[in-house]
Amino acid sequence: MSDSATVAAPASPATLPAFPSAPPLTPQPDPETSSSSPDLEKHIDRSLRGKIKIGAKGLSGPVIKITALVLIGLTVYGFLTFDYKNIDFAQAVAKTFHNAQVMFGQPKLTYNSFLGLMHALFVSFALGALATFFGAIAGFIGALLCARNIANPLVGNVVRAFVAFIRAVPTVLWILIFSVAAGLGGVAAVVGLTFHSAGYLAKAYSESIEEMDSGVIEALKASGASYWQIVFQAILPASISYMTAWTFLRFEINFATAIAVGAAAGAGGIGFDLFMASAFYFDLSELGFITYVIVIAVVLLELAATKVKAKVR
Amino acid sequence: MLDKLFKISPRAWRAWLSIQSRLNKGNSQPEKPQQKEKQTSIFTKRKRVFTLVFIVVATLYLVSSAAAEFNLIDGLESFPKAFIWITTYLVPDEKSLSNLPAILAKLSETVFVAIAVTVCAALCAFFFSLLGTTTTKTNPWLARMVRVVAAFFRNVPDVVWAMLLLFSFGQNVLTGFFALFFATFGLLTRTFIETIDEVSADCVEALNATGATTLQIVFQGIIPSVLSVIISWILYMIETNIRASTLIGILTATGIGYQFDMYYKMMNYASASLVVIAIVVVVIAIEITSTRIRKVIM
C-alpha cells in the first residue's frame, strides 16, 4: 500500500493542482459520507469545530460534572469559612512530624503491661464480635422484611425507613444513650454497636437478596413451599457468599469502631487504654506501642477474613 | 453451657476428620466410586458444616461474652429501659429550641469538614493510586511502596490520628480534618487502586497499543472510565465521615460531637436530642441525594 503511494507521488505532480477537492484545513463533514447518505448526518453529533463527539450520551456525563463541581465548590467554601483560631500552621505541622517520629519511632510501654494490653485488645475484639453476631441476626430479619422481591411492599417501606434512621445515628451516640439505661460498660457498648451494625447489614443483606434470580423463588412458590422453606432452601444458599463477605467486612468495621468508642465513650477495651495514654498520661511512646498492636491485630483479622471468605465461595 | 460444648465437640471433631479424609481422598484418587459417595452425602455434609459453624460461633459467643462482661439478659433488659428513657428525656422542648442556631452552626461546620476532607483525600488518593496501580506500568517497587503506605494509613485508626494531632493542633477544626483525612486517604487509595485495576485494564491496554503516552492514558483512558465510581465512593465517604467526625468531635472537643457531649454531660438531654435529630436529618438527606446521583451515573 505505502509502496505504491510513494511510487505514485513523484509521477503525478502535474495532476495535483488540478485535483478539485483538496482536503480543507478545517475539519468539515466528509463530503463522501454526506453525499451518499445525508440522513446519516442528522444522527452524528458534532462539536463546534466539526469534530464528531464520541462517548456515551445521557444524563450520566453532566451529572458527574455537576456533582464534581458542587463538591469542589463546597470544599472551597468550607476552607474559607472554617474557624482556624489563628493557628500557626507551619509550627503545628512541624510539631506533628516530631510527635509522629516519637510515636512510631520509639514505641514503649510504661503504664500498661503487655498482657494487660492483650486482654484489652481481646475485649475490643469481643465487643466487635458480639455486635456483629447480634447485628447479623437482626440484620437478616430486617433484610427479609425489606428486600423488595420477597417482602410485603408496605412493611418493606416502613422497615426501610426505620433502618435508614438507625443507620443515620452515629454509633457513639447509641452507646452514650444506652449507657444511661444500662450503665457504662460491655452491655451498653455491645447494644450500641449492634444498632448500627444491624442497620448496615440489613441494607447489605437485602441488596444481596434482591440481586438473586427471581425464577427460583417463583418456582418454589409454585411448588407450594412455605415461606421459611423458601428462605432457607433458596435465599440463604444463593446469597450466603455475599452475606459472609458483608458480615466479615462489618466485623472489621466493628472492631475498629469498638476501639474508637472505647476511647470516646469509655466503653472499655484497648481504645480506653489508647485514650488514657494520650489524654491523661500524654505519653506518645505508649500511644505508639498501642497503635502498633492495633495495626497488627487489624491486619491479622483482615487476613483471616480473606481466608474464610475464600472458603465460602 | 460449657458442658454442652464439650459434649458436642467430639462429634464436630469426627465431622472435621471425615471432611478432611474425604478431601484427601478426593485429591489422591478422583475416580468413579468417589462421585457416587459425594452424591449421597450432600445433606450429611451440609449438616456437618452447619454443626461446625454453629460450634465455632457458639464458642466465639461464649468466650466473647465472658471477655466483654456481657450477658444477653442485661442486654435485652436495657431495651425497655432505654426506650422509656428516650421517650421521657430525649425529647426536644421549647427551651432547647433556643440552642438550635448554635447546633446548626456546629453541624454545618462538621458537614463542611466531612465534605472537604473527602474531596481532598479523594484527589490525593487518586493521584497516589495512579502510582500504585499495575495498569500504568510505573515502577513495580513504587507500586508496592504505595500499597504499603496506603495500608498503613488505612489500618491506623482515626482515633489515633486524632490523639496525635490533638497534641500539636489543639482543639481546632484542623485536628479533626487531618485525622479524618489520613483515614479516608488510606481507604480510598486502596479502593481506587482496585477500581483502576479492574475497570480500566482493557482500555489502558488498547491505548498502550496505539502508542499513547502515560499522561494521555491517564486523562483519556483511566479518568473517564473510573470517574463515576470515584464520585460514588466520595458520596459514600462523606456520609461515613459525618458520623466519624461526630466521634472524633467528642474526643477532640470540636464540631457537633462536642456539642452533643457537652449537653449530654450537662444532662441537658432536650438539647442533646435536638443534636441527634439534626444529625439524622442531614445524614438521611445526604444519603437520599447520593442514592439519586448514583442511580444516574452508575
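**Exercise 1. Work out whether helix H8 of chain B is enclosed or open, and what surrounds it.**

*Step 1.* Start with burial. A residue is buried if 20 or more other C-beta atoms lie within 10 Å of its own, exposed if 12 or fewer, and partly exposed in between, with C-beta atoms placed from the backbone. By that test 12 of the 12 residues of H8(B) are buried, so the helix is largely enclosed by the rest of the structure. Among them are B:Asp158, B:Trp161, B:Met163 and B:Phe169.

*Step 2.* Keep in mind what you're looking at. This is a predicted model, where local features need pLDDT of at least 70, side-chain atom pairs count only at pLDDT 80 or more, and totals for chains, interfaces and linings use all residues. Residues are numbered from 1 along each chain as its sequence is written, while chains are lettered from A and ligands numbered from 1 in the order in which they are written.

*Step 3.* Now find the neighbours. Helices (H or I, at least four residues) and strands (E, at least two) are DSSP runs, numbered from the N terminus. From chain A, the buried residues of H8(B) pack against helices H5 (89-105), H11 (227-265), H12 (270-280) and H13 (284-312). From chain B, they pack against H9 (173-199) and H11 (214-252).

*Step 4.* Check the length. H8(B) covers residues 158-169 and reaches 15 Å from its first C-alpha to its last, close to the 16 Å expected (1.5 Å times one less than its number of residues). Just after this helix, B:Gly170 takes a positive phi of about 70 degrees.

**Exercise 2. Describe the side of chain B that touches chain A.**

*Step 1.* Count residues. Two residues are in contact if their C-beta atoms, placed from the backbone, lie within 7 Å. The contact takes 56 residues from chain B and 63 from chain A.

*Step 2.* Look at which elements take part. Those of chain B giving two or more residues include H3 (42-68), H4 (72-89), H6 (100-132) and H8.

*Step 3.* Sort by type. Chain B's side divides into 42 nonpolar, 9 polar and 5 charged residues. Here Ala, Val, Leu, Ile, Met, Phe, Trp, Tyr, Cys and Pro count as nonpolar, Asp, Glu, Lys and Arg as charged, and the others, Gly among them, as polar.

*Step 4.* Zoom in on one residue, B:Ile250 in helix H11 of chain B. B:Ile250 is buried, with 28 other C-beta atoms within 10 Å. Leaving out residues up to four places away in sequence, B:Ile250 touches A:Val172, A:Ala264, B:Gly257, B:Tyr258 and B:Asp261.

**Exercise 3. Compare the surroundings of A:Phe282 and B:Ala253.**

*Step 1.* A:Phe282 is in the loop between H12 and H13 of chain A. Its phi is near 50 degrees, a positive value in a residue other than glycine. A:Phe282 is exposed, with 10 other C-beta atoms within 10 Å.

*Step 2.* B:Ala253 sits in the loop between H11 and H12 (255-265) of chain B, with phi near 60 degrees. It has 17 C-beta neighbours inside 10 Å, so B:Ala253 counts as partly exposed.

**Exercise 4. Decide where in chain A to read the model with care.**

*Step 1.* Use pLDDT, the predictor's confidence in each residue, from 0 to 100. Chain A has a mean of 81, and 86% of its residues reach 70 or more.

*Step 2.* Confidence is lowest in helix H1 (residues 2-11), at a mean of 42, and highest in H6 (residues 114-146), at 91. Over residues 1-23 of chain A, pLDDT stays under 50.

*Step 3.* Where pLDDT is low, the predicted coordinates should not be read in detail.
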